[in-house]
Structures are given as C-alpha cells and as structure tokens.
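This report describes one protein chain, from its overall make-up to single residues. Please keep the sequence and the structure at hand while reading.

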Amino acid sequence: LDIIDNLLDSLERDALTQEQMLAYCEEHRHILNSNIEQALPRHKVKTVSEAIAACLDWYAADKEAILANHAAFSRAAGEVTERIVQTYGHDIPNVVLVPCIGLYANGGWAQQAEDRSYVCVALERLPPGGPLDALLTHEIAHGIAETHWNVVLDGF
C-alpha cells in the first residue's frame, strides 16, 4: 500500500505544501495515528498542522534520502516477504506494508486498524541504504503479533 506517491511527486518538484501534508495526515490518520501522537510532543506542539510546519523544511532538505528510501522500500519489502514465505511456508497474515512520511517521529511502527496490521516505515527517518530489511522484519513481527500472536509464539 503506497500512500505517498503524490507527496513524493510534489517533494521531487520542490512543491510540497503544508496543505498537502495536512490532507495526507487526515486522510491516512487511521494508520498514521501512532506516529502523529508521538510527533506532537517530539516537536512540542499541540496540533498536526503545527507539527507539519515544524518539519516541512526538513522534508525539502532530506528530499534525496526520502526518494532513495522510497525506491529501496519495494525491493526490501519484496525480499523480506519472500524470505518469510520461504522460511515459514505462508504469507504474512493480515499485515500491510506501508512506506510513508511520518513527521520525523518514529522510523517504523505497527498500527492496528480495520482488522489488520499496517507496518509503516517513515522514509525520512532512515539513512539511505540503511537497515530497511531488519526494520521491516522487526515491524512485521509486531504487526503479526497484533492479530496472530500464535504465529509469533510458534517461532516467527
């Protein structure tokens, strides 16, 4: 699930606005909520708009890293998913992998919503070429534990 295509297009053109970021956060609040809750105290603000204003310039400064991490995400997600299937013989139950922009709070998190777990990776928090495989595997284990604890107990 790729929720940031339009944002990345705007970022790449140096045209990312506070209004776009606010619409993105509100539209995807069900899976970004954990990160938003941590972003507010981190930036010492009370609203999502204030958090966006606090870090909008950072997105422009980190544009190349964010774009590189987005390109690496699908490769890493495919490799991690394939490794899990080969090792455990089944797909990841009810876990959706989501590259996102996370207001410079968490690097990755599992968010329960709509009877499934979303494993989100905030692309701005990763160094280019960073440990994306390890982060995805770690967060997938959290995501599986939310809905299928027995899979984790069975050795995942």
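## Asp62 and the helix junction

Asp62 sits in the loop that separates α4 (48-61) from α5 (63-88). The model in which it is placed is a predicted one. With a relative accessible area of 29%, Asp62 is partly exposed, because that class lies between the limits of 20% for buried and 50% for exposed. In sequence, Asp62 and Pro127 are 65 residues apart, yet their C-alpha atoms are 9.9 Å apart in space.

## Overall make-up

The chain holds seven helices and three strands. Along the sequence these elements follow the pattern α-α-α-α-α-β-β-β-α-α. The chain has 156 residues, of which 46% count as buried. When contacts between residues at least 6 apart in sequence are taken, 64% of them join residues at least 24 apart.

## The sheet

The three strands form an open sheet with mixed pairing, in the order β1-β3-β2. Its edge strands are β1 (95-100) and β2 (108-113), each of which pairs on one side only. On average, neighbouring strands of this sheet are turned by 25° against each other, direction ignored. Helix α3 (residues 29-42) packs on the sheet and touches β1, β2 and β3. The direction of α3 makes about 135° with that of β2.

Strands of a sheet pair through backbone hydrogen bonds, in either a parallel or an antiparallel manner. Both kinds occur here: β1 and β3 run parallel and are joined by six bridges, while β2 and β3 (residues 116-122) run antiparallel, also with six bridges. Between β1 and β3, Val98 stands opposite Cys120. Between β2 and β3, Ala110 has Val119 as its bridge partner. β2 and β3 also make a hairpin with two residues between them, and Glu114 in that turn has a positive phi of about 55°.

How many residues of β1 are buried? Six of the six are, so β1 is largely enclosed by the rest of the structure. In a regular strand the side chains alternate between the two faces of the sheet. In β1, Val95, Leu97 and Pro99 lie on one side and Val96, Val98 and Cys100 on the other, and all are buried, so that both faces are covered. β3 is likewise largely enclosed by the rest of the structure, because six of its seven residues are buried.

## Loop residues

Most residues other than glycine have a negative phi. Lys44, in the loop between α3 and α4, has a positive phi near 55° without being a glycine. Tyr104 is not a glycine either, and its phi is positive at about 55°. Tyr104 lies in the loop between β1 and β2.

Is Lys44 buried or exposed? Its relative accessibility is 76%, so Lys44 counts as exposed. Tyr104 counts as buried because its relative accessibility is 8%.

Asn106 also lies in the loop between β1 and β2. Asn106 counts as buried at 16% relative accessibility, since the class of buried residues covers values under 20%. Leaving aside neighbours within four places in sequence, Asn106 is in contact with Ser34, Asn35, Gln38, Ala122 and Arg125.

The loop residues described above have these accessibilities.

| Residue | Relative accessibility | Class |
|---|---|---|
| Lys44 | 76% | exposed |
| Asp62 | 29% | partly exposed |
| Tyr104 | 8% | buried |
| Asn106 | 16% | buried |

## The largest pocket

The largest pocket has a volume of about 160 Å³. Its lining consists of Asp2, Ile3, Asp5, Asn6, Leu7, Gln20, Ala23, Tyr24, Glu27 and His28. Two elements, α1 (5-12) and α2 (18-27), give two or more residues to this lining. Which element gives the largest share of the lining? That element is α2, with four residues. By class, the lining of the largest pocket has four nonpolar, three polar and three charged residues.

Terms used
Residues are numbered from 1 along each chain as its sequence is written. This is a predicted model: local features need pLDDT of at least 70, side-chain atom pairs count only at pLDDT 80 or more; totals for chains, interfaces and linings use all residues. Side-chain values use heavy atoms; hydrogens and water are left out. Buried means under 20% relative accessible area, exposed over 50%, partly exposed in between (1.4 Å probe, protein chains only). Two strands pair if DSSP finds at least two bridges between them. Axes are lines fitted to C-alpha atoms, for helices over the stretch in contact, and angles run from 0 to 180 degrees between N-to-C directions. Contact means heavy atoms within 4.5 Å. On a 1 Å grid over the protein atoms alone, a cavity is a set of points where a 1.4 Å probe fits but cannot get out, and a pocket is an open set with protein on both sides within 12 Å along at least five of seven lines; lining residues have an atom within 4 Å of a point. Grid points are joined across faces, edges and corners, and a volume is the space filled by probe spheres set on the points. Ala, Val, Leu, Ile, Met, Phe, Trp, Tyr, Cys and Pro count as nonpolar, Asp, Glu, Lys and Arg as charged, and the others, Gly among them, as polar.
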